[in-house]
Amino acid sequence: MVNTTTHTGQATEQVRAWDLRPTDTLVDPDTGVAFPITTVTVDEPGRAGREVHVAALVLGARHLPLNQFVTIAKRDNATTGAAPDVEANAAKDRHTLSETACDLIVIEHRLRDVRRWTPETARAHLDAALSSVATALDALHAEYATRTTEQEH
């Protein structure tokens, strides 16, 4: 039989949906009732409207936008466990950079498509958005380069 015990009064934190792990516990921010997550999957990189698919006891299946903030029971941020687990966490972090870059590229292409059909008077706003996406991609590239350099040393 599956354990459906819930907990209340736990310390909580906010995380983005893509950072959820199967070992996390979703917390209803209104009632403080916590529900263990049983599965977490994320749609493939580059897919428009990517979502996080979560199955939690009692709550059932949920589809969350990639960037949605959710409340979870506060997790221990100390890196403990077997070496393969630590490596898997590091690999997930590198994968997340890649996924974020893919999402930004999709956004950039969509903005360029929309810009073609936008009246001249409104294009300045789209140009500013495109500039922001380019800045974000530059920052991701710099972060990737920094991590790669740190790993070599």
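# A guided tour of a pocket and three salt bridges

The second largest pocket of this structure, which is a predicted model, has a volume of about 210 Å³. Three elements each give two or more residues to the lining of this pocket: β2 (25–27), β5 (60–65) and β6 (69–73). Select these strands, and then display the lining residues themselves: Leu26, Val27, Asp28, Pro29, Phe35, Leu59, Arg62, Leu64, Gln68, Val70 and Thr71. Colouring them by character is instructive, as the lining divides into 7 nonpolar, 2 polar and 2 charged residues.

## Salt bridges

The tour now turns to charged pairs. Side chains of opposite charge can pair when their charged atoms come close. How many salt bridges does the structure hold? There are 5 salt bridges in the structure, and three of them are visited below.

**Arg21 and Asp24.** Select these two residues and show their side chains, which meet in a salt bridge with an N to O distance of 3.9 Å. Are the two partners buried or exposed to some degree? Arg21 counts as partly exposed because its relative accessibility is 27%. Asp24, at 4% relative accessibility, counts as buried, because buried means under 20%.

**Arg112 and Glu108.** Move next to helix α1 (residues 83–116), where Glu108 has its place. Arg112 lies in helix α1 as well, 4 residues from Glu108, or about one turn of the helix. In the salt bridge between Arg112 and Glu108, the closest N and O atoms are 3.2 Å apart. Arg112 is partly exposed, having a relative accessible area of 45%. Glu108 is buried, since its relative accessible area is 18%, and the cut-off for buried is under 20%.

Keep Glu108 selected and display its surroundings. Which residues does Glu108 contact, leaving aside its neighbours within four places in sequence? With those neighbours set aside, Glu108 is in contact with Leu130, Val133 and Leu137.

**Arg115 and Asp127.** For the last stop, select Arg115 and Asp127, whose side chains meet in a salt bridge at 2.5 Å, N to O. This pair links distant parts of the chain, with Arg115 in helix α1 and Asp127 in helix α2 (residues 123–152), 12 residues apart. Arg115 is partly exposed, with a relative accessible area of 27%. Asp127 is also partly exposed, its relative accessible area being 35%.

Definitions and conventions. Residues numbered from 1 in each chain as written. Predicted model: local features only at pLDDT ≥ 70, side-chain atom pairs only at ≥ 80, totals over all residues. Heavy atoms only, no water. Contact = heavy atoms within 4.5 Å. 1 Å grid on protein atoms, 1.4 Å probe; cavity = no way out; pocket = protein on both sides within 12 Å on 5 of 7 lines; lining within 4 Å. Points joined across faces, edges and corners; volume = space filled by probe spheres on them. Nonpolar A, V, L, I, M, F, W, Y, C, P; charged D, E, K, R; others polar. Salt bridge = Lys/Arg side-chain N within 4 Å of Asp/Glu carboxyl O. Buried < 20%, exposed > 50% of the residue type's maximum accessible area, 1.4 Å probe, protein only.
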